[in-house]
Amino acid sequence: MSILEVNGLGKAFTIHHLNKTIPAVDEIQFSINAGEFLGIMGKSGSGKSTILKSIYRTYLPDAGQIMYDSNQFGNIDLIQASEREIIFLRKNEIGYVSQFLNVMPRTTCRELVQNALLEMGETRETARIEAEKALTHFEMDSSLWNSYPNTFSGGEKLRLNIAMATVKKPRLLLLDEPTASLDQQSKWKVREIIEKLKEQGTTLVGIFHDIEFMEGLCDKVFDMKTNEMSVSLEGVTHEG
Amino acid sequence: MSETPIVQVRHLQKQFGAGCPHCLDKESVYLEKNYCTSCGTVHAVRDVSFDLYPGEVLGIVGESGSGKSTMLQGLYFDGDMTAGEVYINQPGLAGHNVLTLSSQQKRYIRNNVYGMVYQNPVHGLKMNFSSIGNIAEKMIAAGNRHVGSMEKRGEELLKNVHIPLRRRKEEPQNFSGGMQQRVQIAKALSNNPPILFLDEVTTGLDLSVQASVLDLIKQIQRELQISMVVVSHDLAVIRMLADRSIVMLNGEIIENGLTDQILEDPQHEYTQQLVYSLL
Ligand SMILES: Nc1ncnc2c1ncn2[C@@H]1O[C@H](COP(=O)(O)OP(=O)(O)OP(=O)(O)O)[C@@H](O)[C@H]1O
Ligand SMILES: Nc1ncnc2c1ncn2[C@@H]1O[C@H](COP(=O)(O)OP(=O)(O)OP(=O)(O)O)[C@@H](O)[C@H]1O
Ligand SMILES: [Mg+2]
Ligand SMILES: [Mg+2]
Ligand SMILES: [Zn+2]
């Protein structure tokens with residue numbers, strides 16, 4: 001049973017003052033079953049982030065359908081869904097993690113994770129308990145819980161980012177090169193985290209630069225170069 | 001999603017001046033931005049429609065003069081609108097265009113349903129009253145007569161907006177801009193309004209004060225589930241507070257959408273200028 005089905009997705013950016021249209025993706029087609037990990041591979045500028053941001057509706061696609069099987073709304077086209085529906089899904093079902101931590105200033109690490117839960121309507125007490133669990137789970141040193149993340153290392157920021165997204169137990173998690181700025185050791189920690197999420201049944205769509213990292217982790221690969229999906233990484237090269 | 005908006009705004013219009021045949025047409029060559037060169041009328045708000053949903057923060061951005069404050073003040077009945085309808089989904093009000101209610105009914109809405117934080121604190125506060133007196137004034141207007149409970153509530157609110165209690169008797173004119181805004185927020189919240197309007201609350205404040213006012217607004221929204229319209233020309237403020245936003249230009253809405261979409265994939269030429277100029 002597929003949880004996400006992308007059909008004929010197309011997106012171009014029109015830049016008015018340059019009188020220019022930048023094609024980003026065209027006729028993208030793939031589907032993912034619940035609990036699977038789909039990796040998207042392709043060279044820089046091939047449109048990988050555009051696909052993820054179209055699913056999250058940060059970008060407004062021009063063509064196609066993105067059918068998502070929602071707990072709340074049933075089968076819903078994320079391109080046509082109302083803004084309020086998208087906001088609901090972002091708070092309750094779909095998460096997005098990139099290498100950038102984009103949060104309220106002067107809010108502590110612990111508060112940020114709690115707030116994510118309060119937004120979903122959890123009680124203060126539940127939010128406190130679940131936030132602590134999540135921070136522990138992602139190996140955030142408790143000495144950091146009451147600090148502001150602007151002083152955190154890249155790896156700490158990322159783990160916080162993932163904690164904020166996963167504490168809501170999203171059904172679908174979009175990962176846009178979250179490990180881009182991490183050293184090897186932190187990267188492998190993220191891999192363990194992803195494995196844990198998979199065990200919990202989270203469906204994942206991820207972009208990662210290195211093939212080695214994806215190996216054994218993803219169930220399917222979508223290759224931007226051929227615009228096709230395959231079940232193994234063989235034959236997929238990054239240089240394209 | 002079958003959700004009922006708490007406020008529905010339809011075809012809101014405000015012009016300063018009588019208008020003339022030349023400026024009825026939005027594309028008229030006589031219009032310089034919102035100003036008619038033929039008759040001198042300013043079309044401050046033109047055909048503005050939007051919905052505000054329960055518990056959400058709706059952002060309104062746009063350059064200076066685009067009509068943001070005029071629109072907010074119109075909703076708050078500070079000035080008569082030229083045309084338009086506003087519906088509030090609250091007990092006793094549903095189904096009525098509140099712009100056509102009597103001044104007594106409008107006063108009731110201002111005192112019990114709405115809270116307003118003005119761009120300029122001078123409009124929202126009596127600068128020579130004590131801070132707690134300013135807050136009590138709004139509670140009295142809403143029908144409260146119990147001095148003890150008003151004082152208690154006033155102190156609680158000042159504490160929430162981080163004004164030291166020992167300064168509660170001081171006049172806002174002695175306060176910094178950030179403190180004045182926080183007293184305004186406390187006053188606006190004093191009778192638990194379900195709807196709050198915030199006009200450039202952080203403009204002119206230094207960065208750390210801005211951050212604390214933003215924190216406060218976010219906290220209010222999370223804990224009290226108040227529906228808010230936040231006007232700002234600062235996209236960073238809107239990004240921080242609002243899930244959905246509206247972009248205004250020359251009195252009109254030119255774009256609306258999810259805030260991150262407006263910032264990362266702006267559709268309208270003017271919105272693109274606004275966003276790219278920040279990059
Ligand atoms: N917000 C935007 N506005 C304008 N053009 C954009 C925007 N986002 C992406 N593009 C353009 O769309 C194309 C695809 O970009 P995208 O970011 O999706 O590529 P990518 O595969 O994620 O690349 P990378 O591996 O470098 O992150 C590029 O030509 C890019 O310049
Ligand atoms: N009383 C008035 N008489 C005539 N014109 C007015 C009056 N009040 C406002 N205007 C005009 O209406 C237009 C909209 O003004 P408004 O204050 O609503 O803009 P704004 O978007 O809030 O701008 P800012 O970002 O500078 O606060 C402006 O052109 C302004 O000059
Ligand atoms: Mg990318
Ligand atoms: Mg203004
Ligand atoms: Zn005219």
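This note covers the two ligand sites, the contact between chains A and B, and the domains of chain A in a predicted model.

1. Ligand 1, surroundings. The shell around ligand 1 holds 14 residues, and those that come nearest are A:Ser44, A:Gly45, A:Lys48, A:Ser49 and A:Thr50. The site is shared between chains, because residues from both A and B surround ligand 1. Any treatment of ligand 1 that keeps chain A alone would therefore leave out part of what surrounds the ligand.

2. Ligand 1, polar contacts. Two side chains of chain A place a polar atom by an oxygen atom of ligand 1: A:Ser44 at 2.6 Å and A:Lys48 at 2.7 Å. Both residues also belong to the group that comes nearest to the ligand. A:Tyr59 contributes a contact to a nitrogen atom of ligand 1, with a polar side-chain atom 2.9 Å away. Taken on its own, ligand 1 has 630 Å² of accessible area, and the protein covers 71% of that.

3. Ligand 1, make-up of the shell. Two elements of chain A, β2 (20-33) and α1 (48-56), give two or more residues each to the shell around ligand 1. Of these, α1(A) gives the most, with 3 residues. Sorted by class, the shell has 6 polar residues, 4 nonpolar and 4 charged.

4. Ligand 2, surroundings. Ligand 2 has 15 residues around it, and B:Ser64, B:Gly65, B:Lys68, B:Ser69 and B:Thr70 are the closest. In chain B, β4 (42-52) and α1 (68-75) each supply at least two residues of this shell. The largest share comes from α1(B), which provides 3 residues. The class count is 9 polar, 3 nonpolar and 3 charged residues.

5. Ligand 2, polar contacts. Side chains and backbone both take part here. An N or O atom in the side chain of B:Thr70 lies 2.5 Å from an oxygen atom of ligand 2, and for the side chain of B:Lys68 the corresponding distance is 2.8 Å. From the backbone, an N or O atom of B:Gly67 lies 3.0 Å from an oxygen atom of ligand 2. On its own, ligand 2 has 640 Å² of accessible area, of which the protein covers 63%.

6. Contact between the chains. Chain B brings 29 residues into contact with 29 residues of chain A. The two chains bury about 2500 Å² between them, and carbon and sulfur atoms account for 53% of this area. On the chain B side, B:Met1, B:Arg222 and B:Leu258 supply 25% of the area buried against chain A, more than any other three residues.

7. Domains of chain A. The domain assignment splits chain A into domain 1, made of segments 1-93, 170-178 and 202-231, and domain 2, covering 100-169. Domain 1 is thus written in three segments, whereas domain 2 is a single range. The C-alpha centres of the two domains lie 25 Å apart.

8. Contact between the domains. In chain A, 7 residues of domain 1 are in contact with 7 residues of domain 2. These domains bury about 630 Å² between them, with 63% of the area given by carbon and sulfur atoms.

Methods
Residues are numbered from 1 along each chain as its sequence is written. Chains are lettered from A and ligands numbered from 1 in the order in which they are written. This is a predicted model: local features need pLDDT of at least 70, side-chain atom pairs count only at pLDDT 80 or more; totals for chains, interfaces and linings use all residues. Side-chain values use heavy atoms; hydrogens and water are left out. A residue is near a molecule or strand if one of its heavy atoms lies within 4 Å of it. A polar contact is a pair of N or O atoms within 3.5 Å; within protein, one must be able to donate a hydrogen and the other to accept it, and residues adjacent in sequence count only if both atoms are side-chain atoms. Accessible areas come from the Shrake-Rupley method with a 1.4 Å probe; for residues, only the protein chains shown count as cover. Helices (H or I, at least four residues) and strands (E, at least two) are DSSP runs, numbered from the N terminus. Ala, Val, Leu, Ile, Met, Phe, Trp, Tyr, Cys and Pro count as nonpolar, Asp, Glu, Lys and Arg as charged, and the others, Gly among them, as polar. Domain bounds come from an automatic or database domain assignment. Contact means heavy atoms within 4.5 Å. Buried area is the accessible area (1.4 Å probe) that two parts lose on being put together, summed over both.
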